[in-house]
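Open the structure in your viewer and keep the sequence beside it. Each stop below names something to select and says what is there.

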Amino acid sequence: MALTLWYHPLSSFCWKALIALYEGDIAFTHREVKLYDPEELAAYKKIWPMAKLPVLTDDERGQTVPESTLIIEYLARKYPSAASLLPADPDAARPVLIKDRVVDNYIHAPFFGIVGERLRDGPKDPFGVEQAKAAIARGYDAFAPMVEGPWAMGEAFTLADCAAFPALFYADYAVKLDSWPTLKAYVERLKARPSVARALKEAEPVFHMFPLKDG
Ligand SMILES: N[C@@H](CCC(=O)N[C@@H](CS)C(=O)NCC(=O)O)C(=O)O
């Protein structure tokens, strides 16, 4: 098979890429990477020196594509079944990319700060965690009015939705979405989407490893 997704089933950014692959019904090989295994980490760094998941490799075209947003852009450009995830016209693509950036930079990134603090062996940083929670709340405030219809762009399911689901699903463990009812309802709609439900189902066997699962 030409495409391989280097991933981990618990990884939120990998869910983003998986949702896009499932949306486009694109055949690929799952290649799980355990970054906590020194040997796997060393081998993976040869593929992507930043050692972040996911990466998509395309053996037929000789391409290595890191970064979840770029992976989805690649799928949208190369696979007609995924084309609607990111419009070809740059002016039409820009609002999708803006929403993707808002979610990744202002919700997903501060959430990762909280996970990092929880996993760290060194001194704890409750002030940093509170700051990250406040940043997530500001991200929710900014993103909520950007959800235009059933999906972020209205009727079309796009890259912005692929990005939003993992960010909102996981951030909800740090800052409950209850005070943002439109986002909460959006997450429920996303959960019912077959591509999202499939990524969630695949994560079930490893979800016990998620450090914030019990609050
Ligand atoms: N900007 C990257 C972020 C990727 C990322 O942070 N992935 C996490 C997993 S969800 C990771 O690989 N973490 C491992 C580490 O930081 O050591 C993307 O969009 O793909």
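The tour starts with the strands, goes on to some loops and ends with two helix pairs. Keep in mind that this is a predicted model.

**Stop 1: strand β1**

Select residues 3–7, which make up strand β1. Colour them by burial. Of the 5 residues of β1, 5 are buried, so the strand is largely enclosed by the rest of the structure. Now look at the directions of the side chains. L3, L5 and Y7 point one way, while T4 and W6 point the other way. In a regular strand, side chains alternate between the two faces of the sheet.

**Stop 2: the neighbours of β1**

Add residues 29–32, strand β2. β1 and β2 pair in the parallel sense, over 4 bridges. Find W6 and look across to β2: R31 stands opposite.

Next add residues 55–58, strand β3. What is the sense of the pairing between β1 and β3? It is antiparallel, again over 4 bridges. To find the place, pick L5 in β1. L56 in β3 stands opposite L5.

**Stop 3: β3 and its hairpin**

Stay on β3 and show its side chains. V55 and T57 lie on one side, L56 and D58 on the other. Are these residues buried or exposed? All four are buried, and both faces of β3 are covered.

Now add residues 63–66, strand β4. β3 pairs with β4 in the antiparallel sense over 4 bridges. L56 is a good landmark here too: its bridge partner in β4 is V65. β3 and β4 form a hairpin, with 4 residues between them. Zoom in on the turn and pick G62. This glycine has a positive phi of about 65 degrees.

**Stop 4: a cis peptide before β3**

Go back to the loop between α2 (38–47) and β3, and select P54. Look at the bond between L53 and P54. This peptide bond is cis, with omega about 5 degrees.

**Stop 5: H8**

Select H8, in the loop between β1 and α1 (12–23). With a relative accessible area of 9%, H8 is buried. The cut-off for buried is under 20%. What does H8 touch, leaving out residues up to four places away in sequence? Show C14, E32, V33, L53, V206 and M209. L53 has come up already: it is joined to P54 by the cis bond.

**Stop 6: two positive phi values outside glycine**

Select D25, in the loop between α1 and β2. Its phi is near 50 degrees, a positive value in a residue other than glycine. D25 counts as exposed, at 69% relative accessibility.

Then jump to E67, in the loop between β4 and α3. E67 is not a glycine either, yet its phi is positive, about 75 degrees. E67 is partly exposed, with a relative accessible area of 43%.

**Stop 7: helices α1 and α3**

Select α1 and add residues 68–78, helix α3. The two helices pack at an angle of about 10 degrees, with their axes 9 Å apart. That angle makes α1 roughly parallel to α3. Show the side chains where they meet. From α1 come F13, K16, A17, A20 and L21. From α3 come S68, T69, I71, I72 and L75. By class, this contact has 7 nonpolar, 2 polar and 1 charged residues.

**Stop 8: helices α6 and α7**

Finish with residues 159–171, helix α6, and residues 181–192, helix α7. How are these helices set against each other, and how far apart are their axes? They pack at an angle of about 110 degrees, with the axes 10 Å apart. That makes α6 roughly perpendicular to α7. Roughly perpendicular covers angles from 65 to 115 degrees. α6 passes α7 in a left-handed crossing.

Show the contact side chains. In α6, select A160, D161, A164, F165, L168 and F169. In α7, select L183, Y186, V187, L190 and K191. By class, this contact has 9 nonpolar, no polar and 2 charged residues.

Technical notes. Residues are numbered from 1 along each chain as its sequence is written. This is a predicted model: local features need pLDDT of at least 70, side-chain atom pairs count only at pLDDT 80 or more; totals for chains, interfaces and linings use all residues. Side-chain values use heavy atoms; hydrogens and water are left out. Buried means under 20% relative accessible area, exposed over 50%, partly exposed in between (1.4 Å probe, protein chains only). Two strands pair if DSSP finds at least two bridges between them. Axes are lines fitted to C-alpha atoms, for helices over the stretch in contact, and angles run from 0 to 180 degrees between N-to-C directions. Angles under 35 degrees count as roughly parallel, over 145 as roughly antiparallel, 65 to 115 as roughly perpendicular and the rest as oblique. A crossing is left-handed if the near helix is turned anticlockwise from the far one by less than a right angle, and right-handed if clockwise. Contact means heavy atoms within 4.5 Å. Ala, Val, Leu, Ile, Met, Phe, Trp, Tyr, Cys and Pro count as nonpolar, Asp, Glu, Lys and Arg as charged, and the others, Gly among them, as polar.
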